[in-house]
Amino acid sequence: MAHSKALLVLENFIAGKFVPCSSYIDSYNPSTGEVYCRVPDSGKEEVEAAVKAAKAAFPIWSSKSPLERSRVLNKLADLIEHDLEAFAQAESKDQGKTITFARTVDIPRAVYNFRFFASSILHHMTECTQMATVGCVHYTSRTPVGVAGLISPWNLPLYLLTWKIAPAIACGNTVVAKPSEMTSVTAWMMCKLLEKAGVPHGVVNVVFGMGAKAGEALVCHPTVPLISFTGSTLTAQRITEKSAPHCKRLSLELGGKNPAIVFDDADLSQCIPITLRSSFANQGEICLCTSRIFVQRGIYSEFLKKFVAEAKKWKVGNPLDPTVDVGALISKEHLEKVRSYVKKAQAEGAQVLCGEGVDSLALPPGNQKGYFMLPTVIAEVKDDSCCMQEEIFGPVTCVVAFDTEEEVIERANSVKYGLAATVWSSNVGRVHRVAQKLQAGLVWTNCWLIRDLNLPFGGMKASGIGREGGKDSYEFFTEVKTITIKH
Ligand code: ADP
């Protein structure tokens, strides 16, 4: 297609060098609908070169002490932080997220991922037991696995990519990363800083391109024993199949259909603003976003009235405007998919109380062709409706009433996913009881998205396999050996 303005052209980063590719994919600015960037359309050949570089770098990097690796990670964190504004601008333009979210969540967290694992790697201990009667000491040792394949999605591009790169290299592995073809720019910017941070050539390689081509080549590569993947459940099923002949180690962070449960003793002055955020932050494009809100019948009408009134105040528009709350969705196709859920709900007789199809959206002149949508609240929707069962991944949330604790636990658990849940109540006993019974890898009570990176992150059921976080990432990215000494 013809391009009116000069395009940003990305290159793969292999063995410490930027390398052009023979073919490229167009990448769109979601807030204008224009092509603004060209991304390498890598395949087997590029992945092969990257794996070769990572394999060659492994002996030296893996033999460095944790402290040496820690210094490099800290330096990289400092360099990204130094360029925080440039990274935030790029993330907002590439993904459609608001500049405020990129400035306050995405890029600071990318920086913190490196700082956290730079510190965490210094504090692990392995086990030791003794068998006095036999005269034996057993201990475990942990060593890096080799070349790690890292595949990340488009919703939190640098945030989720660094959540994988940081622990992988802190543990002494070398990596080949494949960011989402839709959001590759900040990964490419990070590559420009690696040399200055002291990351040796070949330790971090990034190949850009499509999942079915570049991603799958990585998944099928025999020299990559481990894949950390964040993305859709469908893709995870394919990755599992493709990697099975190689018996690869997999960590899969997948989708969610996360419930918020609001009991009648909840503090609504806290619950409503936080549940709005948990529903609509980052345009609802976070796997942890709330999309089913169960409200106890006694406060249902009050909650709904206030919630809808507040949702209507969220400003949708140019993501680079710091007063905007909701930016653009990632792509035209995704916007259409999200809208189709609202239409289906209407066809089933549900009530759309605000947003898509009921309120009008006025966009600034430069954003008329962008992929925007108003925060949408749906009520009177049945539990078996696709809006209550499937991951929509957009600014759409359903609100339904419930009567008893037992009933709501059962309804909240009646989906194929099990990633996150929030519980709102001032009754401490109830909060513990309900949290224990919910099928979710993460339960937030009277809050949302507060994370300590030491603790496990991941989902149950179709939301994933494995956990990542301080100790869990260390275990995933290292191989353990039990050694027995008879004395
Ligand atoms: P979404 O549906 O949210 O776009 P995907 O699961 O398709 O999520 O994408 C997440 C990441 O997985 C992206 O980097 C994408 O390119 C990659 N990917 C998609 N399909 C495959 C595949 N068959 N093998 C490996 N990676 C893939």
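Start at Lys486, which is exposed in this predicted model, with a relative accessibility of 60%. That is over the 50% cut-off, so the exposed label follows. Lys486 belongs to strand 23, the run covering residues 478-486. If you set aside neighbours within four places in sequence, Lys486 is in contact with Val134, Gly135 and Cys136. Lys382 is another story: it sits 104 residues from Lys486 along the chain, and the C-alpha atoms of the two are separated by 64 Å.

Now swing over to Glu253. UniProt lists this residue under "active site", though the entry is unreviewed. In the fold, Glu253 is part of strand 12, residues 249-253. Is Glu253 buried or exposed? Its relative accessible area is 3%, so Glu253 is buried. Leaving out residues up to four places away in sequence, the contacts of Glu253 include Phe229, Thr230 and Gly231. Glu253 also touches Phe457, Gly458 and Gly459, and further along the chain Ser463, Gly466, Arg467 and Glu468.

Next, a pair of helices. Helix 5 spans residues 157-170 and helix 6 spans residues 185-197, and their axes are 8 Å apart at an angle of about 50°. That angle is why the two helices count as oblique to each other. As for handedness, helix 5 passes helix 6 in a right-handed crossing. On the helix 5 side, the contact is made by Pro157, Leu158, Leu161, Thr162 and Ile165. Helix 6 answers with Thr186, Ala187 and Met190.

Helix 13, residues 405-413, is worth a look for its buried residues: Glu405, Val408, Ile409, Arg411, Ala412 and Asn413. What do these buried residues pack against? The partners are strand 13 (258-262), strand 14 (290-296), strand 17 (396-402), strand 21 (460-461) and helix 14 (428-437).

Finally, the cysteines. How many disulfides does the structure hold? The count is 0. Take Cys398 as a case: the closest cysteine sulfur to its own is in Cys387, 5.1 Å away, and that is too far for a bond. The cut-off here is 2.5 Å between sulfur atoms, so this pair does not qualify as a disulfide. Cys398 is also buried, with a relative accessible area of 0%. Cys171 counts as buried as well, at 6% relative accessibility. Both values are under 20%, so the label applies to each of these cysteines.

Methods: Residues are numbered from 1 along each chain as its sequence is written. This is a predicted model: local features need pLDDT of at least 70, side-chain atom pairs count only at pLDDT 80 or more; totals for chains, interfaces and linings use all residues. Side-chain values use heavy atoms; hydrogens and water are left out. Buried means under 20% relative accessible area, exposed over 50%, partly exposed in between (1.4 Å probe, protein chains only). UniProt positions are given in the numbering used here, feature names are shortened, and annotations may be inferred rather than shown by experiment. Helices (H or I, at least four residues) and strands (E, at least two) are DSSP runs, numbered from the N terminus. Contact means heavy atoms within 4.5 Å. Axes are lines fitted to C-alpha atoms, for helices over the stretch in contact, and angles run from 0 to 180 degrees between N-to-C directions. Angles under 35 degrees count as roughly parallel, over 145 as roughly antiparallel, 65 to 115 as roughly perpendicular and the rest as oblique. A crossing is left-handed if the near helix is turned anticlockwise from the far one by less than a right angle, and right-handed if clockwise.
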